[in-house]
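Here is a short tour of how the nonpolar residues pack in this protein, and of what its cysteines are doing. Have the structure open as you read.

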Amino acid sequence: MGDLDIRPAVADDIPSVVGMLADDPLGAQRESPDDLTPYLTALERLNADPNQHLVVAVREGRVVGTLQLTVIPGLSRRGATRSIIEGVRIHADERGSGLGTQLIEWAIQESRCQGCQLVQLTSDNTRTDAHRFYERLGFTASHVGFKLQL
């Protein structure tokens with residue numbers, strides 16, 4: 001399988017990242033790989049914020065995974081800092097290879113390095129395989145999440 005490098009995403013990675021975001025039934029409805037402009041603008045905003053970490057997993061020169069880690073200083077939990085894992089995607093050719101575990105373990109370790117006391121994530125109700133995956137990694141479905149489209 002070759003060595004794996006997890007590193008910050010750069011503009012040249014965006015076509016691969018957006019391709020992975022769009023490569024499932026939910027993503028296909030909300031992503032637009034044909035127009036990368038908004039994604040490149042978003043990357044600039046992410047790169048300007050030290051609490052945002054958009055990373056890619058690269059194997060043999062090819063982007064095969066991605067996630068976004070956001071560090072949030074807070075007041076609750078005695079002033080605890082927490083992190084949120086978002087946008088976890090693994091290239092179809094790599095699913096089942098352990099890459100997802102490596103990416104999540106990277107995010108947990110980075111959260112520790114950033115002084116976080118809690119790591120959280122959300123997963124769409126329909127992603128039952130992902131729910132089992134996160135539970136195997138020690139996450140618990142402890143809360144009900146809500147979203148409001150603006």
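The notes below cover the nonpolar cores and then the cysteines of this predicted model.

**Nonpolar cores**

Let's start with the largest nonpolar core, which has 16 residues. The residues with the most contacts inside this core are L67, I85, V88, L103, I104, Y134 and F139. Two or more core residues come from each of the strands β2 (52–59), β3 (62–73) and β4 (81–90), and from each of the helices α5 (99–113) and α6 (128–136). Helix α5 is the biggest contributor, giving 5 residues to this core.

F139 is a good residue to click on next. Leaving aside residues up to four places away in sequence, F139 touches I85, I104, I108, V119, L121 and Y134.

There is also a second, separate core, made of 13 residues. I14, L43, V58 and V63 are among them.

**Cysteines**

How many disulfides does a search of the whole structure find? The count is 0. Two cysteines are worth a look here:

| Cysteine | Nearest cysteine sulfur | Distance |
|---|---|---|
| C113 | that of C116 | 9.8 Å |
| C116 | that of C113 | 9.8 Å |

A disulfide needs the two sulfur atoms within 2.5 Å, so a pair 9.8 Å apart does not count as one. Are these cysteines buried or exposed? C113 is exposed, with a relative accessible area of 57%, whereas C116 is buried, with a relative accessible area of 13%.

Terms used: Residues numbered from 1 in each chain as written. Predicted model: local features only at pLDDT ≥ 70, side-chain atom pairs only at ≥ 80, totals over all residues. Heavy atoms only, no water. Core = buried A, V, L, I, M, F, W, Y, C linked by side-chain atoms within 4.5 Å. Buried < 20%, exposed > 50% of the residue type's maximum accessible area, 1.4 Å probe, protein only. Helix = DSSP H or I, 4+ residues; strand = E, 2+ residues; numbered from the N terminus. Contact = heavy atoms within 4.5 Å.
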